[in-house]
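Biologist: Could you take me through one part of this model slowly? I'd like a close look at a place where two chains meet, in plain words please.

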Protein chains: 4
Amino acid sequence: MPESTVGRPLRADAQRNRLKVLAAAERVLAKDGSAASMREIARQAGVGLATIYRQFPTKEALYEAVVVERVRRLLDHAHAAAHATDPGDAFFTFFTFAVTETTGEKALVDSLAVAGLDPKAGTAPMHRDLEKATGVLLRRAQAAGAVRAEVGMAEVLALITAMCLAADRQHWDEQLRTRSLTVVFDGLRPQLRP
Amino acid sequence: MPESTVGRPLRADAQRNRLKVLAAAERVLAKDGSAASMREIARQAGVGLATIYRQFPTKEALYEAVVVERVRRLLDHAHAAAHATDPGDAFFTFFTFAVTETTGEKALVDSLAVAGLDPKAGTAPMHRDLEKATGVLLRRAQAAGAVRAEVGMAEVLALITAMCLAADRQHWDEQLRTRSLTVVFDGLRPQLRP
Amino acid sequence: MPESTVGRPLRADAQRNRLKVLAAAERVLAKDGSAASMREIARQAGVGLATIYRQFPTKEALYEAVVVERVRRLLDHAHAAAHATDPGDAFFTFFTFAVTETTGEKALVDSLAVAGLDPKAGTAPMHRDLEKATGVLLRRAQAAGAVRAEVGMAEVLALITAMCLAADRQHWDEQLRTRSLTVVFDGLRPQLRP
Amino acid sequence: MPESTVGRPLRADAQRNRLKVLAAAERVLAKDGSAASMREIARQAGVGLATIYRQFPTKEALYEAVVVERVRRLLDHAHAAAHATDPGDAFFTFFTFAVTETTGEKALVDSLAVAGLDPKAGTAPMHRDLEKATGVLLRRAQAAGAVRAEVGMAEVLALITAMCLAADRQHWDEQLRTRSLTVVFDGLRPQLRP
DNA sequence: TATGAATGAGTATTCATTCAT
DNA sequence: GATGAATGAATACTCATTCAT
């Protein structure tokens, strides 16, 4: 029974085009945000308009696919960091990585900002994973005394999102990113007060 | 000498319309972001479409006027705070006020995020003012020992923007805002280390 | 409060355009049926595309407006006929008029054919009126002995629709229409059998 | 000498596919009319898109093949009826059969309605046959006194088409069909007038 | 040979902006 | 001075058809 397309691996050329489309979409979405036009994406991918629609039924579906791809990379990093020897280092390194990696990725940042707001979104499961992974890093860092005990997941995620959003929207350079993160990290660390 | 309209004060009804339009635009822009339509703004203002164009030559001009209006309010607060007795309190209160006041104001937050990037934007002078006012608050707080000396204007503005963006995009509730700001503020304060 | 557009009479130019659009739509819909394109209608009306949308929010709305216009004419005729002196004549003349008038009006004929099937359609009330008016003519003709008593509304409407559809789709000439209606009319009249 | 494919009988599996496609097309065309999509037909046939194009060069060709198939069945019935003992019965039964059989077959009905209009259509020969067969039934019924002598082929075909069109478009139920046909048949029968 | 991926022309609809009333 | 009607360019999306696999 032909035309089922479920679970079947993509044909070689289709896979090639899928990648070209995702790459172009990533570029265009990064530049124009969700105002990006499908025609422009097709043009940059060197592909017919309908070719996009064959693999991604709507603009939103494409948008989401781009984001999922990126989140997966963050997730990989978080998982890897979870087994690092120094839990404090692992936590702060991951925080920094998230901000660095997403900067310039409007679509990705938007997605992070939206996560948690709209749990029925198709990207939700991936975000849950990311949340869980971040939770692990946080708790281990707290257990090791590298992060204050009274800090909760909610504000950590909020702060990560905040830094990602601002770094992206304001095109923070490396120095500004470092200085801003330093402030936040100092706020997260245990403090000695007289 | 009719038709000159430059510098001339607006007729009473024109002024009334201008306010109605700005109010409607604020509402609509807050809800729909820059995807807002001029027709919808006109409808909500109870005014003809061309009436908007008489005062604001393009959609962007209107958009900007709305933002300028809002920034002026922040500025007022900053100026007032500049003379407060406790400089540390003045600084942190202003920071909090900025985040609280802009939450839910997509247009305003976007404008803050864009400021500094596009110095030729019409809003620039106002942002310079805001920057200057914030600078005064910061330096006074540092002089009073309420904020660390090595913190610079750049990262303070960056952090304010970051918190505004995230609070708006993620619809932070009061508790989350408080907890997140607490972390940042702790990072800004002088710390005792062994 | 501007932009309400409800109940207010159209501006002179708008009314002119409305008529041009309806006329063009009638022509195009008659030729291409509901496969007609809005662009073609705009072209034939000598009007911008969006001008159509100002008055008719969707293709279907325009389609319907064309039909309503035509049905109104049938209805006028039926009402006029209701007071004719010879009830038999009134009935058969109306039947003939309906077929003649609708021939070449794909949209109108389609609408008649759809009526009764989809009572929630916007055109429904008008069709109810037409049905009622036809009912009056039928009953008066039966009372006068010009139409068999055992004939019901259902089949009369069915036959009218049938003749309209065929006359339109097959481009019946006058002679064919007359000969076909003669057969149907003979079938409707009381008959003497040995 | 491969590639000639002219006149060569179809391979067994090709023949199987042809039937699957025709069946699916009949179903889809009946439901969606000429707005049916080739992709949907392929899907329902459980066949690749290009497989359809191998046997039917265009959508219209497939459309036509479906219709020819159906008309053939009508024709078979007409031929069979031509030898019935009661010519009147044969004629009226065939008329009824035509209406019953075509109801729900948008494509078929359309084809009947178009026949005679476009003699260069590929279906024309088949329609000529149908016309001829109907002519035989009519003349025999007239000779037997079951149908009025002054009725011509033209209006008989017109009436058949009319009833088919309306029955299909309005989804006549059995009762309505019977009552409507009764009127038409009474109009076709010889009548006694004082 | 059968498949389905790719294509470009086509569709309805929306929007910022201009101009006759 | 204010209105809203008109406009054309732009957008997401669909479809019949062709061609590489």
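Modeller: Sure, and one term comes up right away: a salt bridge here is a side-chain nitrogen of Lys or Arg within 4 Å of a carboxyl oxygen of Asp or Glu. Keep in mind that this is a predicted model. Now let's look at where chain B meets chain A. Glu155(A) makes a salt bridge with Arg179(B), and their closest N and O atoms sit 3.1 Å apart. That pair has company, since the rule finds four salt bridges across the interface of chain B and chain A. There are also six residue pairs in polar contact between the two chains, counting pairs with both residues at pLDDT 80 or more.

So who supplies the chain B side? The elements giving two or more residues to the side that touches chain A are α6 (106-114), α8 (153-169) and α9 (174-188) of chain B. Of these, α8(B) gives the most, with ten residues. Sort the chain B side by class and you get 20 nonpolar, seven polar and eight charged residues.

Now step back to the whole contact. Chain B puts in 35 residues, and chain A puts in 35 residues. Between them, about 2,600 Å² is buried, and carbon and sulfur atoms give 62% of that area. When you turn the model on your screen, try finding Glu155(A) and Arg179(B) as your starting point, then pick out α8(B), which gives the most residues to the chain B side of the contact with chain A.

Key. Residues numbered from 1 in each chain as written. Chains lettered and ligands numbered in written order. Predicted model: local features only at pLDDT ≥ 70, side-chain atom pairs only at ≥ 80, totals over all residues. Heavy atoms only, no water. Contact = heavy atoms within 4.5 Å. Buried area = accessible area lost by both parts, 1.4 Å probe. Polar contact = N/O pair within 3.5 Å; in protein donor to acceptor, adjacent residues only side chain to side chain. Helix = DSSP H or I, 4+ residues; strand = E, 2+ residues; numbered from the N terminus. Nonpolar A, V, L, I, M, F, W, Y, C, P; charged D, E, K, R; others polar.
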